[in-house]
Each structure stands twice: as C-alpha cells, then as structure tokens.
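These notebook entries record what I looked up in one structure. I took the pockets and the ligand surroundings in turn.

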Amino acid sequence: MGFPKSGGNGFDRLYREVGRADISRNLVEAELVTSVSWLIKLRWIAGAGVLLATWIVHALFQIGAPIAILSGIGVAILLYNTFFFVSERRAKQRRASAEVFQSLAIWQTALDWLAMTLLFHYSGGVESPAIWYFIFHIIIASIFFPRRTAFLLSVLAIVLVGGTVFLEYIGWLAHHPLQNYLPVALYQNPLYVLGVLSFFSTTAIFVTFLVGSIQERLRRREAEVIHLTEGLQRATIRLQAINDISKVVGSTLDLKQVLERLVETTAKAMGVRACSIRMLDKSGHYLEPVAVYGLSQTYINKGPVDALTNPLAKETLSGKVVNIPNAPQSPLLQYPLEARQEGIQSMLSAPLMGKSGPMGILRVYDVKENRFNKEDEEFISAIAAQGSIAIENAIAYQAMSELDKMKSQFIHTATHELRSPVSVTRSLLRTITAGYAGEVSEQQKEILERATRRIEFLQKLIDDLLDLAAGKVGKFVAHEMQPISLKEVIEKVVDRYKIPAQEKDIELCFRCECPEEKTYVTATVDSLDRVFNNLISNAVKYTPNGGKVSVEVQPLDGEIHIAVQDNGIGIPEDALPHLFSEFYRAPNAKEMVTEGTGLGLAITKDIIQQLEGRITVESQVGVGTTFHVFLPVAHLKNQTPSPMEKRS
Ligand code: ADP
C-alpha cells in the first residue's frame, strides 16, 4: 500500500528546476571564478613590472638598490602566479566548488601582501615610491572581500607599512635606501615618517570606504537582478511545463486518455507522489474518481465523496485552489484516517471549471508536510485551467462522435427501409414498359422510361447512403478482412466497364506490373470492389467520347500503388479540397452528367481509411484526372488467400 516510487524523467527534472533557487549562488560563484582569473592575469603584469622597474632604476637611472632581492621578489611573484594559474585551470576543468576558488583568492591575497611588504621594505621603506602600490591591493581586497574583511585588510596594510617604517626608524630592521634617489635620508626624520604614515593610513581607509560603498551598491543591484532573473527563470520553466502538459493532454480527444495523461503529467511536472481527478456525476451530487496516478486502490475506494457536504470538495468547487499543509489533521478532510494510512501529508486541490460551472477536481498529494507554496497553487491552477479545456473538448468530441454514429445508424435504417419498395417499383416499371401488363403507347413508354431512370437514380442514392452509413458504423470489421488479390478485383471491375466504355468509344486498359501474389491486401472483396468501381465508373463517366482510361497497379515500398487515370473533363482547382466531402459535385461534372449523388468519393475515402491506406488526386481541367490509391501489402505467410471465385 502507499505511494509508488517516482521515476526520473523530463517532468521530474523540470520541476526540480522550478524549485531551484541557486541562481544567486551561481552568479556569486561565477563572479569569484572570473575575479580569480582576472587577478592572475593582472599579476603577470605586476611580476613583470617589478622586474622591469628594477632594471630601469638600476640601468637607466643608476639608482642604487638591492637589485638581486628586488628581482627575486619579481621572480617570486611570477612563480607563485604560475602555481595559481595551473591550480585555477585544474579547478575550472574539474568544476571545483566555490570553496576552492575562495581559498585560491585568500592565498593569492596573502602572498601578494607579503610580496608588497618586502618590495616596500627593500625599496627604501618610508622613502619608497612603491608605498602607493599598497593602494592597488587595498582596492582589490575591497572588491573581493566583504566590507569588514576589507577594512581589516587595510588596517593590516597600515600595520605592515607602519611596522616596517617603525622598525627601520628604531634601527631594528636594516634600512635599504634607494641611492641617488633622495638627497637626504628621511627614514629617521620623525616629522616626515609621521606625515607619510598619516597620509597613507587615511588614504587607505578612505579608499576602502569608497570602493566598499560602490561595491555594496553594485551588489545590491546585482541582488535585485538575481531576484528578478530567478523569478523569470521559474516563470519560464513553469510556463514550459504547462505548455508541455497541454501538448501531451491535447494530443488526444479520447476522454479516458486525456484524464489519464493529465494526472500523470501533472504529478510528474510538480514532482509529487500522486494526482487524481474526480468528476461530478450526472446528478452533480457525487464526485467520482475518473483518473488516478500514484494512489492505492484502497484509498481510491475509501468511500463516496459528496460534493454538497464534503468541506474540501465544497470549497474547491466554489472555484478556489485549496492548500492543505497537514492532511491527517485538516478539518476539511472527510477521510483523514485513510489519508494518514496512505502516507499523505500535503494536498493541493484545484477546481476543473467548465463553461457552465465546475466539472470536477484536480488534486495532487505528497508525503511531505507543508509541501505546497503560493507558486504551486498558481501552477496547479494553470494546469487545471488547461486541463478543463482539454476535458471539455474531449467530452464534446465524444458527444459528437456518438451523434454521428446515431445519424449514420438512422440513415442506415431509413435507407434500408426504402430499398425494397424502390426496388419493387423499379421492376414493376420495367414490367409495364416491356408491355407485360398490356400495350403501352410510345408516349407512355417515354414517360415510363423517364420514371425508370429517376427510380434507378434513387436506388443508386440509397445504395450509396447505405454504404456510407455502413462505413461510419464500422462495416469492415477487422476479423472479416482477409488477404484479397487486388489484381483479380480490379480486373473484374475493369471487365464490368468494358461495354460502357466501348459505347463511348473510350479506350479502357489495365496494367499490373507485379506478380499477382504481391498484390494481396487485407480487406473484404466488397470493400475493394466498391472503391475501384467508384473510381473507374467516374473515370468513364467524366471522360468524353473517344477518350482514354487506364488503371495501373505497381508495388511501392511495402505498399501497392493503384493509379486510375483518365483524359476527361478534369476537376477545377477550387473543387479539389471538397472532393471527398459527402454530396459534393464539381460544377463541370454537374454540367456534363446531371445525375450523380456526390457520395461515391466520400465512400471510397472512408473505405480506404478503414483499410489503413490513403488516396490522393491530381487533376487539371480539360487535361484529365488521376486518382492514386495506396494500400498496405498483406503478409501472406500464415494466411491462406481467399479465392475470389468463392466470394464473387
Ligand atoms: P458523383 O460521381 O456521383 O458526382 P463522386 O463522389 O463519385 O460523385 O464524385 C464527386 C465529384 O468528383 C464528381 O461530381 C466530380 O465533380 C468529381 N470527379 C470524380 N471523379 C472524377 C473524374 N475522374 N474526372 C472528373 N471529375 C471527377
């Protein structure tokens, strides 16, 4: 009993993304990664700069300085930068965590400050022009680290500079002046030392404050952007999920399938354990379970849900999304004990609203307490709205199909009843025309012949209507179909039209380019006869005297292609889209042959579709028409072809 385990799939993933809120973390991480590599690039310049400056000082200006030590500092900067460069590359490759980049940043800062202090000390201490380079480091630290840390670091800079200057002043640390740079030694001049130190300290603190403020403002803006981006991203993903759900649900008009797909996709998209739909019964009194995903049968059959008294149902059907954070304890639940047994802790209930009011309830369930938030409520509300449309469409389609079936059934019954009186009238008319009921004058004969023609047309109409109705109510049931030789059927139809063709001096030919055993299709003889009788009779009918009609059969990629071609009156372009509609006749056909039911092609298409084939037409007025029929080849292996002779 209880919930099944949910599997990983597209919807699960989608929903996990919906609930994800680590965009800000990602951005901060991305910023850290970029800053670390930016600092490394900068350090190549700094290291090279130290070496170059040392050389310039020494070679160009002949200023005396501890060249070896200063160059050593430059080389050391380049060396540890190489180490950081390699480490950063590796960390990027293995997509290391933010912590790795963080520690890289801290180590870099520590070494930079050490190098800077040494540079300051060996280039003259308080007399060193390099003292202002500390400011760069303070700026970098203020960008990199939080404000408090940045202030602490600038205090550290003041301490390092102040400490070095003080130790040199009292003689505990050797002073390394830049010879030929200053005319007099200043490192033991208290006023100068105090002046430099106080200006350096205030500059350091002010720069830290300034950069920190700018940085803080930028960070606030960034946070706003992140917040908006997060909201947008979540909204996009949710929209995408809703779109996916409507696509999946809308891809069928079968009500049962719509409901089943709706519960499954909703459960997966929201990452919840179960989902159900209950629809109001005809009385509008009870809510019946119609589709369930992830709930046990025991829970589904827990008892009737009365829409008029059940508090949760009442509230949901009033049009609200109801969020139940702790199901077993909710006063809204009619069956709290059963919910506890099922392991349900949270529920979210949304109304399925039709055009004329509530139709039912879409509900999701989860094992976690307090599982759903405002966004989930909006999400399920949107799904329920989409689902309601799909459900209403499916219900309407179902009703229409039933109506259509009833209509076909009616036509079938009515025409069937008409058939025998019409047929009797026809033979009576023939008997009278032939003079068996007494002598008939020429004038009477002519009237009788006209009446016969009309009655024959009526009979054809009845036959067509019967066939059409039969097609719609599923005449060619699968078990009645068997492999039939198409070649034989068509030959018979062609033979039938030889005399009418001769009467119009029309050349009627038939060609079959493949062996007979390759022309078997799964069908009934009647259905195939009806199809080709319609097409060939039309070709002969709509081809003027002296024309040509040909029928060709050839195999085509697992199908059989039959082309019925004529060089008759053709079909106007604007008539082509209506050709297979019931009772449609093109104007040029009406002009040429007054009598016609306009049902033949509708029946033909209907039959071909039942045989899982297709029909297309190519035509040009005054040039001719070709109907192409494609039917799947029957596999004869375990089937015995039925001899045509037996059936016809
Ligand atoms: P009917 O032949 O009784 O009019 P069909 O359903 O068989 O009805 O054909 C529908 C219409 O398609 C015809 O009225 C005619 O306009 C057009 N049509 C069908 N076959 C041909 C053809 N071979 N040549 C020209 N028009 C055709």
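**Entry 1: second largest pocket.** I began with the lining of the second largest pocket and asked which element gives the largest share; α2 does, with ten residues. The model is predicted, and I read each value as computed from it. I then looked up the volume of the second largest pocket, which is about 800 Å³. The lining consists of 29 residues, and I noted Ala46, Gly49, Val50, Leu119 and Tyr133 as the closest to the pocket centre. Two or more lining residues come from each of α2 (23-60), α3 (67-93), α4 (98-122) and α5 (133-144). Sorting the lining by class, I recorded 23 nonpolar, four polar and two charged residues.

**Entry 2: shell around the ligand.** I next turned to the ligand, which has 21 residues around it. Asn538, Tyr542, Asp566, Arg585 and Leu601 come nearest. By class, I found eleven nonpolar, seven polar and three charged residues in this shell. The elements that each supply at least two shell residues are α16 (525-541), α18 (600-610) and β13 (624-632). I noted that α16 provides the largest share, three residues.

**Entry 3: polar contacts and cover.** Which polar atoms lie close to oxygen atoms of the ligand? I listed a polar side-chain atom of Asn538 at 2.8 Å from a ligand oxygen and a polar side-chain atom of Lys541 at 3.1 Å from a ligand oxygen. For Thr597, I recorded a polar backbone atom at 3.0 Å from an oxygen atom of the ligand. Finally, I looked up the cover: on its own the ligand has 530 Å² of accessible area, and the protein covers 98% of that area.

Terms used:
Residues numbered from 1 in each chain as written. Predicted model: local features only at pLDDT ≥ 70, side-chain atom pairs only at ≥ 80, totals over all residues. Heavy atoms only, no water. Near = heavy atom within 4 Å. Polar contact = N/O pair within 3.5 Å; in protein donor to acceptor, adjacent residues only side chain to side chain. Areas by Shrake-Rupley, 256 points an atom, 1.4 Å probe, with all protein chains shown as cover. Helix = DSSP H or I, 4+ residues; strand = E, 2+ residues; numbered from the N terminus. Nonpolar A, V, L, I, M, F, W, Y, C, P; charged D, E, K, R; others polar. 1 Å grid on protein atoms, 1.4 Å probe; cavity = no way out; pocket = protein on both sides within 12 Å on 5 of 7 lines; lining within 4 Å. Points joined across faces, edges and corners; volume = space filled by probe spheres on them.
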